[in-house]
Amino acid sequence: MSQQTPGSTAMQAPQGDAFENLSQENRRFAPSAEFAANAVVTAGEYAEADADRPAFWAKQARELLSWSKDFTQTLDWSNPPFAKWFVGGEINAAYNALDRHVEAGHGDRVAIYFEGEPGDTRTYTYAQLTEEVKKAANAFESLGVTKGDRVAVYLPMIPEAVITLLACARIGAIHSVVFGGFSAEALRSRIDDAEAKLVVTADGTYRRGKPSALKPAVDDALAHDGHTVQNVVVVKRNGQDVDWHEGRDHWWADTVGAASAEHTAVGHDAEHPLFILYTSGTTGKPKGILHTTGGYLTQGAYTHKAVFDLHPETDVYWCTADVGWITGHSYVAYAPLINGATQVMYEGTPDSPHQGRWWEIVEKYKVSILYTAPTAIRTFMKWGKEIPAKSDLSSIRVLGSVGEPINPEAWMWYREVIGGNGGRKQTPAPIVDTWWQTETGAQMIAPLPGVTATKPGSAQVPLPGIAVDVVDELGETVPNGHGGFLVIREPWPAMLRGIWGDPERFKETYWSRFESMYFAGDGAKKDEDGDIWLLGRVDDVMNISGHRLSTAEIESALVSHPAVAEAAVVGAADETTGQAVVAFVILRGDAVDTGDDIVQELRNHVSKEIGPIAKPKTILVVPELPKTRSGKIMRRLLKDVAEGREVGDATTLADNTVMAQIARSLKK
């Protein structure tokens, strides 16, 4: 199987029909006079940042964060693409998120309202959360975790997840969160790659009203010799029976619960690693994206304040992302707490115990800022506006979108039904559509709600201090009205500092396609106003419900099944999830095509190998795959089939009868 990487010259810049619907979008929604008058950020910040980008970020770093030692140099770009921001500075992420708010007299302010799926609740003030993080830091240190050690985190959306991340940051340990929906195999590969010393997990969680286990996946992931894990700390969440390994396994309550609440935070170098987060690559092995401390915290705090127009004394903020993804890191675990905000954490799904669950939570906690994914919005559209209409959503004043491009129809529904409280509000809440990645660490493109006249479906403009461009295949800026590749021309504070253990892969993956520019892997278009419209991936990474999944990873999982000889996977447009996984498989000669049975078996196999999020929506058993003479699979032809289009030009195929064979097999 041939794969393309972001360094591949074979990629085509997005052109043509993909833009037609965008060019006809002429609706504009300017901020109300009242909103603009009270906005925390003004249009002047663009000019200030353009005049001197490093000086702009130095100002944000000093105003938004408390440094135990001031930095002496804002940016060291002497060894690109390896940046150093806030050189010489020392800072502690947990102190900035917690202690300093308590010291400033805000200890009684609510930090987290937790809502469990079964309906159980917990509230943590800043003082209480600080105490819990100090205890967790002491507990982890008592288990031998020291500065620089890696801690794997495999937890549901419960407060202990945030406590664990901040406790690691406090002592200088590097956390590596693995999404709780990933399989034991996916967990194992990430634990092994990071050489984790400690795993923090839970017995399980709740999913759509039923207990769902987590600890067994950890046990399976550690059921091999040679792993580096010495201890496993287990949160008792749903009370399921779990296997117990004496000497290795420890209940959270017995370790963290019994630890001292006295712990002094010390400063770590601005470039000290804060976390590794694995993301799918175009080769089968996931990439460990490395983020450091000072720059990441600075850009996270600034964008959270500016993009959501945050007023921490009065706002209640809710980001619905799981902490297993970058959005849950930057805009749940770190930035809201750095900024002293009050936020909601919810464990469950939008449809349990009923389809109005989210809107009940908005009404209950008077959520004023809601940040979620287009997949969720499209799902709510399908369910109907009558469901949110049952709840009072009048508290909402800013809406955010993240994870994938949002289509204008969903944008308008979000504005009118959620932001407009079903038509009951005279001026609906503004929508900030944000583009960024695991690799960028924080938001890069987004309107500012008190400044920008927003457009349905467009992320629009780079944020102050960010240098984003759309270029053609030669790396030249495209004129307005044209499409191409999304790049970042200048270093930014929250940028990834590399791929864990593999600096060459970092350079090859992100910096080899265009000279001196970071290539994001996404296609984009500039409209006639110069605003940016995101068009999704141009490589072999799919975006499923805002989660990036590698076609190579899913193909590898399929081929690992004894019945499969070869597989090709494409992402097909899906009105709910953005893209859906469609797989084409060739069975081995001795395998029997049992129709629906083999398809279901293969779907379950992928779920076991990677996780339910990667389970193909459709698997088609075919006699052959379309390949060029050099052996490259022509995925664009398979994408035509998956999306029900007439198949495009097949003249470069080694065997041009293959597509006819596939068509015949589909008719069967």
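A residue is taken as buried when its relative accessible area is under 20%, and in this predicted model that criterion is met by Tyr126, Leu129, Thr130, Glu132, Val133, Lys134, Lys135, Ala136, Ala137, Asn138, Ala139 and Phe140 of helix 6. The helix, which spans residues 126–142, is thus mostly covered, with 12 of its 17 residues buried. From its first C-alpha to its last, helix 6 reaches 24 Å, close to the 24 Å expected at 1.5 Å a residue. The residue Gly144, which follows helix 6, has a positive phi, near 95 degrees.

A buried position of another kind of element is provided by Ile276, which lies in strand 14 (residues 273–279). Ile276 counts as buried because its relative accessible area is 0%, a value under the 20% limit. When residues up to four places away in sequence are not counted, Ile276 touches Arg150, Ile174, His175, Ser176, Val177, Ala194, Gly288, Ile289, Leu290 and Trp500. With respect to Gly419, Ile276 is 143 residues apart in sequence, and the two C-alpha atoms are 35 Å apart in space.

Several loops carry backbone geometry that departs from the common pattern, in that most residues other than glycine have a negative phi and most peptide bonds are trans. A cis peptide bond, with omega about 5 degrees, joins Pro80 and Pro81, and Pro81 is placed in the loop between strand 1 (73–79) and strand 2 (82–87). The bond from Ser352 to Pro353 is likewise cis, its omega being near 5 degrees, and Pro353 belongs to the loop that lies between strand 17 (342–346) and helix 13 (357–365).

Positive phi values in residues other than glycine are found at Asp309, where phi is near 50 degrees, and at Ser516, where phi is about 65 degrees. Asp309 is located in the loop between helix 11 (294–307) and strand 16 (316–319), whereas Ser516 occupies the loop between helix 17 (503–510) and strand 24 (518–526). The surroundings of these two residues can be described through their accessibility. Asp309 counts as buried because its relative accessibility is 2%, while Ser516, at 58% relative accessibility, counts as exposed, the limit for that class being over 50%.

Attention then turns to a sheet and the helix that packs on it. Three strands form an open sheet of mixed pairing, in the order 28-29-30. Strand 28 (564–574) and strand 30 (618–621) stand at the edges and have a single partner strand each, so that one side of each is left without a neighbour in the sheet. On average, and with direction ignored, neighbouring strands of this sheet are turned by 25 degrees against each other. Strand 28 and strand 29 (residues 578–587) run antiparallel and are joined by 10 bridges; among the bridge partners, Val581 in strand 29 is paired with Gly571. Helix 19 (residues 596–609) packs on the sheet and touches strand 28, strand 29 and strand 30, and the direction of helix 19 makes about 130 degrees with that of strand 30.

Technical notes: Residues are numbered from 1 along each chain as its sequence is written. This is a predicted model: local features need pLDDT of at least 70, side-chain atom pairs count only at pLDDT 80 or more; totals for chains, interfaces and linings use all residues. Side-chain values use heavy atoms; hydrogens and water are left out. Helices (H or I, at least four residues) and strands (E, at least two) are DSSP runs, numbered from the N terminus. The expected span of a helix is 1.5 Å times one less than its number of residues. Buried means under 20% relative accessible area, exposed over 50%, partly exposed in between (1.4 Å probe, protein chains only). Contact means heavy atoms within 4.5 Å. Two strands pair if DSSP finds at least two bridges between them. Axes are lines fitted to C-alpha atoms, for helices over the stretch in contact, and angles run from 0 to 180 degrees between N-to-C directions.
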